[in-house]
Structure formats: structure tokens, C-alpha cells
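Visitor: I should like to learn how to read the features of a protein model, one at a time. Would you guide me through this one?

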Amino acid sequence: MIVITGATGNIGRALVRRLHGHDPLAVVRRPAEDLGGPYAMADFDEPETIGRLLSPGDRLFLNSGIWPGFVGAHRAVIDLAAAAGVAQIVAVSVRDAAPGARLGMGLHGQADAHLRKSGVPYAILQPTGFMQTLPRDVRDGTMYGSYGSAAVNYIDTRDLADVAAALLTSPVGPDREYLPTGPASLSHERIAAEIGRAIGREIRYVNLSVAEMTAHLERQGVPQPFAGELAELQAETGNGGWAPTTTVVAELTGHEPRTWQDFLTDHKDAFA
Ligand SMILES: NC(=O)c1ccc[n+]([C@@H]2O[C@H](COP(=O)([O-])OP(=O)(O)OC[C@H]3O[C@@H](n4cnc5c(N)ncnc54)[C@H](OP(=O)(O)O)[C@@H]3O)[C@@H](O)[C@H]2O)c1
């Protein structure tokens with residue numbers, strides 16, 4: 001059986017569809033008939049509810065959003081998977097994850113470190129930013145950020161689902177990290193222009209200093225210290241470190257990563 005946590009998320013929904021016919025079990029917090037496959041109710045906040053679903057030889061897709069209990073919950077589920085004799089965990093992390101790093105990178109860094117020591121065979125996906133999260137950054141025709149003018153990579157989460165499906169349905173390979181990326185990296189000014197072209201109205205990218213972006217995020221209700229850390233993180237990822245692309249998607253899935261045009265054609269309405 002392939003047990004899929006985060007099944008109602010961006011990657012999870014696409015993955016459930018890809019794994020049709022491969023004995024998938026979606027893990028959800030509330031009934032999810034719309035997933036179109038078998039599901040079980042469980043919650044990372046009660047890790048044993050997920051542990052109970054695991055049997056020897058299962059493959060586990062380990063993913064969820066981030067919340068303050070993330071590290072403890074993911075560590076507990078990894079331990080329960082080890083005790084259950086799970087054959088492999090394919091986990092979603094993030095580029096530059098490391099214990100002590102900012103925000104989600106630090107949380108993922110701690111969870112990744114625990115997985116590496118768990119004894120369970122693993123594949124850790126460390127992707128760049130998700131194209132699917134961009135619609136929430138565009139408000140009234142404007143996208144604010146402190147990325148500067150450097151190119152930043154984004155990946156379509158459907159490609160991450162394809163990568164995970166390839167790993168989960170082939171024989172368990174050696175433990176390793178994968179750094180999947182999307183197609184050519186673009187500056188945020190270019191990304192805004194591409195979105196504008198796709199939806200037929202002008203979208204502007206406005207670059208702010210870290211202090212200005214912090215204040216902007218606070219006005220939107222993001223509390224400190226997260227607002228400041230997020231603004232600094234944007235400035236850091238805009239230093240060119242998230243620009244290089246890899247061939248991971250093509251190597252594992254046999255197709256090139258989806259382009260900005262592919263994403264925008266299918267998600268135009270999300271920017272309305
Ligand atoms: N956004 C980015 O640009 C980016 C870049 C790199 C890496 N990542 C990483 O990608 C992951 C998110 O992936 P995604 O976009 O596919 O997910 P998503 O769309 O954010 O959805 C989060 C999923 O996690 C589930 N979840 C959250 N808390 C849970 C809990 N306590 N128990 C059970 N399920 C829980 C949610 O279930 P409900 O539907 O019940 O809420 C949902 O299925 C995060 O770890 C993030 O750090 C994100």
C-alpha cells in the first residue's frame with residue numbers, strides 16, 4: 001500500500017490521481033470523497049492515528065503544511081513508520097533545508113535529519129518555490145516582494161507529484177535527496193509580466209526593501225518575527241541561489257518540467 005499524507009494539498013491531490021491502480025490510501029483530516037479514491041482519517045497532531053495505518057512493506061509519502069508542532073509530529077510519524085516496517089518514506093522538504101535555518105527551512109531541516117537517522121529507506125524532495133502559491137501573492141494587479149532582480153526558480157506541484165509517484169512505484173532506490181526544479185528561472189518582474197500576459201491585464205512586480213516588505217506583511221496580518229524573517233528570506237532567495245535548474249524532473253518522470261505557460265494556462269482563473 002502507498003500511504004499519502006497531505007493528500008488534500010497541492011502535491012497530494014495530484015499524487016492521489018497519479019497513484020490510481022497502485023493501492024493508494026489518502027490520509028485526510030475530514031471526509032474527502034472528492035479525492036476519488038480510498039481514504040482514512042488521521043491527524044499529524046495525533047501521530048499514532050497515522051501510525052495505525054502503516055503495515056510492513058508499505059511506502060509512505062510524508063508531507064503536510066507547516067505549523068508549530070510540525071517537527072515533533074513528523075519525527076513521531078517517522079518513528080512509527082520505522083516501528084511498522086515501512087519500506088520507504090518519500091518526504092517533501094525544501095531547498096536549503098537545514099537545522100537552524102529560517103522558517104520552514106529550519107523545521108524541514110530538523111525533520112530531514114531525523115529521517116536520515118531513522119533507519120527507514122528514504123528519498124527527500126527539496127524543491128524550489130511552488131508556482132501554485134503565486135496567486136495568493138497577487139493583489140489588485142500587484143505582486144510585492146523583496147527578491148530584487150535575480151532569477152528565482154518555481155516548480156509546478158504537479159511535477160512534484162510525478163516525481164513522488166515515480167519514486168513510490170519503482171523499486172526502493174538508495175537513500176538520497178532530490179532537488180527538483182521547474183523550467184527556466186525568471187525574475188519576479190518577468191514572472192509578473194508572464195502572469196499578466198496569460199490573464200490579459202497588467203500585473204506589476206514592486207520590489208521593496210526588507211524593512212518595507214516586513215511592514216507590508218505586518219499590514220497583511222503576518223505577525224512578527226515571521227514577517228521580518230519572510231522578508232529576509234525573500235531577499236536571500238533573490239541572491240541567485242535559487243536560480244540554477246536541475247534535470248531531476250525529466251530524469252525521474254521522463255517528461256520536462258511544466259513551463260510557466262503550462263501552469264498559467266491551467267491556473268488563469270486563480271489570478272482572477
Ligand atoms: N509553498 C512553497 O513554495 C513551498 C516550497 C518548497 C517546499 N514547500 C513545502 O511543501 C509542503 C506543502 O506541500 P503542499 O503545497 O502540497 O501542501 P498544502 O497545499 O500546503 O496542503 C497542506 C496539506 O497538509 C495537510 N495538513 C496540515 N496539517 C495537518 C495535520 N496536522 N494533520 C494532517 N494533515 C495536515 C493539509 O490537510 P487539510 O486539507 O486538512 O488542511 C493539506 O493536505 C510544506 O512542507 C512546505 O514547507 C513549499
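**Strands, helices and cores**

Guide: Let us begin with a single pair of residues: A91 has I124 as its bridge partner in strand 6. Please bear in mind that the model is predicted. Strand 5 and strand 6, taken as a pair, run in the parallel sense over four bridges.

Visitor: In what order do the strands of the seven-stranded open sheet follow one another?

Guide: A sheet is read by following its strands from neighbour to neighbour. Here the order is 3-2-1-4-5-6-11, and the pairing is parallel. Strand 3 (39-41) and strand 11 (176-178) have a single partner strand each, so they form the edges, with one side lacking a neighbour in the sheet. From one strand to the next, the twist averages 20°.

Visitor: Which residue of strand 2 is the bridge partner of I4?

Guide: That partner is A26. Strand 1 and strand 2 are joined in the parallel sense over three bridges.

Visitor: Which helices pack on this sheet, and which strands do they touch?

Guide: One looks for the strands a helix touches, and then for the angle between directions. Helix 4 (residues 103-117) packs on the sheet and touches strand 5, strand 6 and strand 11. The direction of helix 4 makes about 165° with that of strand 6. Helix 5 also packs on the sheet, where it touches strand 1, strand 4 (59-62), strand 5, strand 6 and strand 11. The direction of helix 5 makes about 160° with that of strand 4.

Visitor: Are the residues on the two faces of strand 6 buried or exposed?

Guide: One reads the two faces of a strand separately. In strand 6, Y122 and I124 lie on one side, A123 and L125 lie on the other, and all of these are buried. Both faces of strand 6 are therefore covered, since buried here means under 20% relative accessible area.

Visitor: How many residues has the largest nonpolar core, and which have the most contacts inside it?

Guide: The largest nonpolar core has 29 residues, and I4, L15, F61, V90 and L168 have the most contacts inside it. Elements giving two or more residues to this core include strand 1 (2-4), helix 1 (10-18), strand 5 (88-92) and helix 9 (248-253). Helix 5 gives the most, with seven residues. Domain 1 (1-126) and domain 2 (128-156 + 182-267) each supply at least three residues to this core.

Visitor: What does L168 touch, leaving aside residues up to four places away in sequence?

Guide: With those set aside, L168 touches I2, L15, L19, R59, L60, F61, Q88 and V90. Another core, of 23 residues, lies apart from the largest one, and V3, A81, V86 and I89 are among its members.

Visitor: How far apart do the C-alpha centres of domain 1 and domain 2 lie?

Guide: The domain assignment divides the protein chain into domain 1 (1-126) and domain 2 (128-156 + 182-267). Their C-alpha centres lie 26 Å apart. The contact takes 10 residues from domain 1 and 11 residues from domain 2.

Visitor: Where does UniProt place the feature "domain: NAD(P)-binding"?

Guide: The unreviewed UniProt entry places that feature at residues 6-171. Over residues 6-171, the chain is 34% helix and 19% strand, and the end C-alpha atoms are 23 Å apart.

Visitor: What is the order of the three-stranded open sheet?

Guide: Its order is 8-9-12, with mixed pairing. Strand 8 (138-139) and strand 12 (204-207) are the edge strands, pairing on one side only. Strand 9 (residues 142-145) pairs with strand 12 in the parallel sense over four bridges, and M143 has Y205 as its bridge partner in strand 12. Helix 6 (residues 188-199) lies across strand 8, strand 9 and strand 12, at about 160° to strand 12.

Visitor: Is H74 buried or exposed?

Guide: One compares the relative accessibility with the cut-off for burial. H74 has a relative accessibility of 3%, so it counts as buried, being under 20%. H74 is placed in helix 3 (residues 70-84). Not counting residues up to four places away in sequence, H74 touches F44, L62, N63, S64, W67 and A111.

Visitor: Which residues does Q234 touch, with the same sequence neighbours left out?

Guide: Not counting residues up to four places away in sequence, Q234 touches G145, S146, Y147 and M213. Q234 is found in helix 8 (residues 226-241), and Q234 is buried, with a relative accessible area of 10%. The C-alpha atoms of Q234 and M213 are separated by 9.4 Å, and the two residues are 21 residues apart along the chain.

Conventions. Residues are numbered from 1 along each chain as its sequence is written. This is a predicted model: local features need pLDDT of at least 70, side-chain atom pairs count only at pLDDT 80 or more; totals for chains, interfaces and linings use all residues. Side-chain values use heavy atoms; hydrogens and water are left out. Two strands pair if DSSP finds at least two bridges between them. Contact means heavy atoms within 4.5 Å. Axes are lines fitted to C-alpha atoms, for helices over the stretch in contact, and angles run from 0 to 180 degrees between N-to-C directions. A nonpolar core is a set of buried Ala, Val, Leu, Ile, Met, Phe, Trp, Tyr and Cys residues joined through side-chain atoms within 4.5 Å. Buried means under 20% relative accessible area, exposed over 50%, partly exposed in between (1.4 Å probe, protein chains only). Domain bounds come from an automatic or database domain assignment. UniProt positions are given in the numbering used here, feature names are shortened, and annotations may be inferred rather than shown by experiment.
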